[in-house]
Amino acid sequence: MIKEALVGRDVVHPFKKAAAAKPWPEHHNLLSDETPQDHFITRDDTVFAGIHLIIDLWGAKHLDDLERMEKALRECVDKAKATLLHIHLHHFTPNGGISGVAVLAESHISVHTWPERDFAAFDVFMCGNSRPAEAIPVLSNAFYPKKIIVSENLRGVLDHA
């Protein structure tokens, strides 16, 4: 019975169909000499994968406006000198909240909003030469928060001990 259930499936990954692989989008991440980039950052004596900003907007406006959100995410990407691969947003009813992500070559910007509480939670994670802090004034200008709380985390810190 189990053997029959696995027919047409990969034995190593039994729930993966044996059909042709899905054509996932690719982003070629090569230097001019064809060397792959790893985008790790060096700040002072610390080497790490990227900067992850957690940005909370309180008392914010227009948190149910999909067009404004998309425009703000695109501007964040531009100002941060990042590379946009895809934006995907969802609208929730009846409160109008938005959840979504801007997928970047350098990582991502994600958002979750609670318009009924005038609150938005953004994660801005970027590596390489991008400038994630440039997203903060963009979000402030787009959503007019009364208060912004930002925390910074260095992700993937290499331990040289």
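Reader: In this predicted model, does R68 count as buried, partly exposed or exposed, and which residue is its salt-bridge partner?

Author: The model is a predicted one. The relative accessibility of R68 is 26%, so R68 counts as partly exposed. Side chains of opposite charge can pair when their charged atoms come close. For R68, the closest N and O atoms of the salt bridge are 4.0 Å apart, and the partner is D65.

Reader: What is the relative accessible area of D65?

Author: D65 is the residue that forms a salt bridge with R68. Buried means under 20% and exposed means over 50%. D65 is partly exposed because its relative accessible area lies in between, at 26%.

Reader: How many salt bridges does the structure hold?

Author: One of them joins R68 and D65. Another joins E70 and R74, with the closest N and O atoms 2.9 Å apart. The number of salt bridges in the structure is 2.

Reader: Where do E70 and R74 both lie?

Author: The two residues are 4 residues apart, which is about one turn of the helix. E70 is partly exposed at 31% relative accessible area, and R74 is partly exposed at 39%. Both lie in the element that covers residues 66–79, helix 2.

Reader: Which residues does R74 touch, leaving out those up to four places away in sequence?

Author: R74 has its place in helix 2. Its C-alpha is 9.8 Å from that of V138, although the two residues are 64 residues apart in sequence. With residues up to four places away left out, R74 touches L84 and I87.

Reader: How are the 6 strands of the open sheet ordered?

Author: Strands of a sheet pair through backbone hydrogen bonds, either parallel or antiparallel. Here the pairing is antiparallel, and the order is 4-5-6-7-3-8.

Reader: Which strands stand at the edges of the sheet?

Author: The open sheet has the order 4-5-6-7-3-8. A strand at the edge has a single partner strand, so one side of it is left without a neighbour in the sheet. The strands in that position are strand 4 and strand 8. From one strand to the next, the twist averages 10 degrees.

Reader: Which residue of strand 7 stands opposite W114?

Author: Strand 6 and strand 7 run antiparallel and are joined by 8 bridges. The residue of strand 7 that stands opposite W114 is F119.

Reader: About what angle does the direction of helix 2 make with that of strand 4?

Author: Helix 2 packs on the sheet, where it touches strand 4, strand 5, strand 6 and strand 7. The direction of helix 2 and that of strand 4 make an angle of about 155 degrees.

Reader: Why do the buried residues of helix 3 line one face of the helix?

Author: The buried residues in helix 3 are A135, V138, L139, A142 and F143. Seen down the axis of helix 3, these buried residues line one face because they fall within an arc of 105 degrees.

Reader: What covers the buried residues of helix 3?

Author: Helix 3 lies across strand 3, strand 7 and strand 8, and runs at about 20 degrees to strand 3. The cover over its buried residues includes strand 3, helix 2 and strand 7.

Reader: Which residue with a positive phi follows helix 3?

Author: The residue is in the loop between helix 3 and strand 8. Its phi is positive, at about 50 degrees, although it is not a glycine. With a relative accessible area of 47%, it is partly exposed. The residue that follows helix 3 is Y144.

Reader: Is T113 buried or exposed?

Author: T113 has its place in strand 6. A polar atom of its side chain lies 2.9 Å from the backbone oxygen of L63, and a polar atom of the T113 side chain lies 2.8 Å from the backbone nitrogen of I98. Its contacts beyond four places in sequence include M69, G97 and A120. The relative accessible area of T113 is 6%, so T113 is buried.

Reader: Which residues does the cis peptide bond with an omega of about 5 degrees join?

Author: P94 lies in the loop between strand 4 and strand 5. The cis peptide bond joins T93 and P94.

Definitions and conventions: Residues are numbered from 1 along each chain as its sequence is written. This is a predicted model: local features need pLDDT of at least 70, side-chain atom pairs count only at pLDDT 80 or more; totals for chains, interfaces and linings use all residues. Side-chain values use heavy atoms; hydrogens and water are left out. A salt bridge is a side-chain nitrogen of Lys or Arg within 4 Å of a carboxyl oxygen of Asp or Glu. Buried means under 20% relative accessible area, exposed over 50%, partly exposed in between (1.4 Å probe, protein chains only). Contact means heavy atoms within 4.5 Å. The arc is that of the directions from the helix axis to the C-beta atoms. A polar contact is a pair of N or O atoms within 3.5 Å; within protein, one must be able to donate a hydrogen and the other to accept it, and residues adjacent in sequence count only if both atoms are side-chain atoms. Two strands pair if DSSP finds at least two bridges between them. Axes are lines fitted to C-alpha atoms, for helices over the stretch in contact, and angles run from 0 to 180 degrees between N-to-C directions.
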